[in-house]
Amino acid sequence: MISVLVVEDDPVAAEAHREYVERVAGFTVAGVVHSGGAAVRFCERHHVDLVLLDFYLPDTHGLAVCRALRATGAPIDVIAVTSARDLAVVRGAVSAGVVQYLLKPFTFAALRGKLDSYARFRHSVARSGQAKGQADIDRLFEALRSPGREALPKGMSTATLDAVTAVLAESGDGLSAAAVAEATGVARVTARRYLEYLADHGIARRRPHYGTVGRPEVRYVPVGRSDGRDG
């Protein structure tokens with residue numbers, strides 16, 4: 001079993017990540033912590049193979065946690081689970097030895113793909129001996145590459161899903177289907193279909209918004225949103 005530490009400051013997102021990991025065969029959750037300092041201390045006291053690491057933590061940045069873990073000399077790998085899209089951060093993650101980079105929000109299938117790829121890599125390097133040549137080395141790194149995105153339902157496109165996901169991720173208090181439609185340029189019924197897809201896959205949650213008259217409006221909030229920031 002591959003022992004995983006979940007590091008996520010938002011309790012709702014942390015619980016979702018824990019449940020996701022426990023649904024993947026071959027993985028077990030060693031613990032869940034909500035800060036960088038707690039992550040380093042946990043790894044010093046417990047056996048951990050892999051850290052699912054949020055980068056925007058209340059006490060430090062995830063890259064600092066990576067460097068602290070490297071400094072201990074422990075053979076712990078890191079998969080970044082973050083909303084950070086800055087290429088400088090991505091470059092820093094590579095330099096810090098991050099083996100996978102998963103953007104929030106994401107589906108269970110996306111995380112499962114990363115974990116399955118990581119498991120194949122660990123299995124490949126677990127054997128003793130030496131690589132026969134460059135081809136063997138290339139195959140080892142190839143094992144870290146995840147399979148493609150899960151197939152979308154008929155009539156849905158990856159480009160529109162990415163656009164809706166990006167607009168929702170940047171929202172503060174959540175957005176209605178009408179607001180998403182206006183921001184993305186798609187029809188309201190189309191926006192609602194994509195938002196419902198995100199909600200059904202645990203990427204967003206539905207929240208009623210009560211106005212002055214009539215039925216409450218449904219707003220969609222990205223999972224992990226707590227204080228106007230999705231780490």
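Two residues are in contact here when they have heavy atoms within 4.5 Å of each other. Keep that cut-off in mind as we walk through this structure, which is a predicted model.

A good place to try it out is Ala30, a residue of strand β2, which covers residues 27–33. Setting aside the neighbours within four places in sequence, Ala30 is in contact with Ser3, Val4, Phe42 and His47. Is Ala30 buried, exposed or partly exposed? Its relative accessible area is 34%, and since buried means under 20% and exposed means over 50%, Ala30 counts as partly exposed. You can also look from Ala30 towards Arg18: the two are 12 residues apart in sequence, and their C-alpha atoms lie 9.6 Å apart in space.

Now let us step back to the whole protein. Its secondary structure consists of 9 helices and 7 strands. The radius of gyration is 19 Å, close to the 17 Å that the globule rule gives for 231 residues, so the protein is as compact as a globular protein of that length. If you follow the C-alpha trace along its principal axes, you will find that it spans about 70 × 40 × 35 Å.

What share of the residues is buried? Of the 231 residues, 46% fall into that class. On the outside, the protein exposes about 12,000 Å², and carbon and sulfur atoms supply 53% of that area. The charges are worth a look too: there are 29 positive and 26 negative ones, and their mean positions are 4 Å apart. As for how the chain meets itself, take the contacts with a separation of 6 or more: residues 24 or more positions apart account for 61% of them.

The protein is divided into two domains, with domain 1 running over 2–107 and domain 2 over 158–222. Where they touch, domain 1 gives 4 residues to the contact and domain 2 gives 5 residues. Taken over C-alpha atoms, the centres of domain 1 and domain 2 are separated by 28 Å.

Our last stop is Pro153, found in the loop between α6 (134–142) and α7 (158–169). Which residues does Pro153 contact, leaving aside its neighbours within four places in sequence? They are Arg193 and Tyr197. Tyr197 is 44 residues away from Pro153 along the chain, while 9.2 Å separate their C-alpha atoms. Pro153 has a relative accessible area of 34% and is partly exposed.

Note on methods
Residues are numbered from 1 along each chain as its sequence is written. This is a predicted model: local features need pLDDT of at least 70, side-chain atom pairs count only at pLDDT 80 or more; totals for chains, interfaces and linings use all residues. Side-chain values use heavy atoms; hydrogens and water are left out. Helices (H or I, at least four residues) and strands (E, at least two) are DSSP runs, numbered from the N terminus. The radius of gyration is taken over C-alpha atoms; the globule rule is 2.2 Å times the number of residues to the power 0.38. Buried means under 20% relative accessible area, exposed over 50%, partly exposed in between (1.4 Å probe, protein chains only). Accessible areas come from the Shrake-Rupley method with a 1.4 Å probe; for residues, only the protein chains shown count as cover. Lys and Arg count as positive and Asp and Glu as negative; His and the chain ends are not counted. The place of a charge is taken as NZ of Lys, CZ of Arg, CG of Asp or CD of Glu. Domain bounds come from an automatic or database domain assignment.
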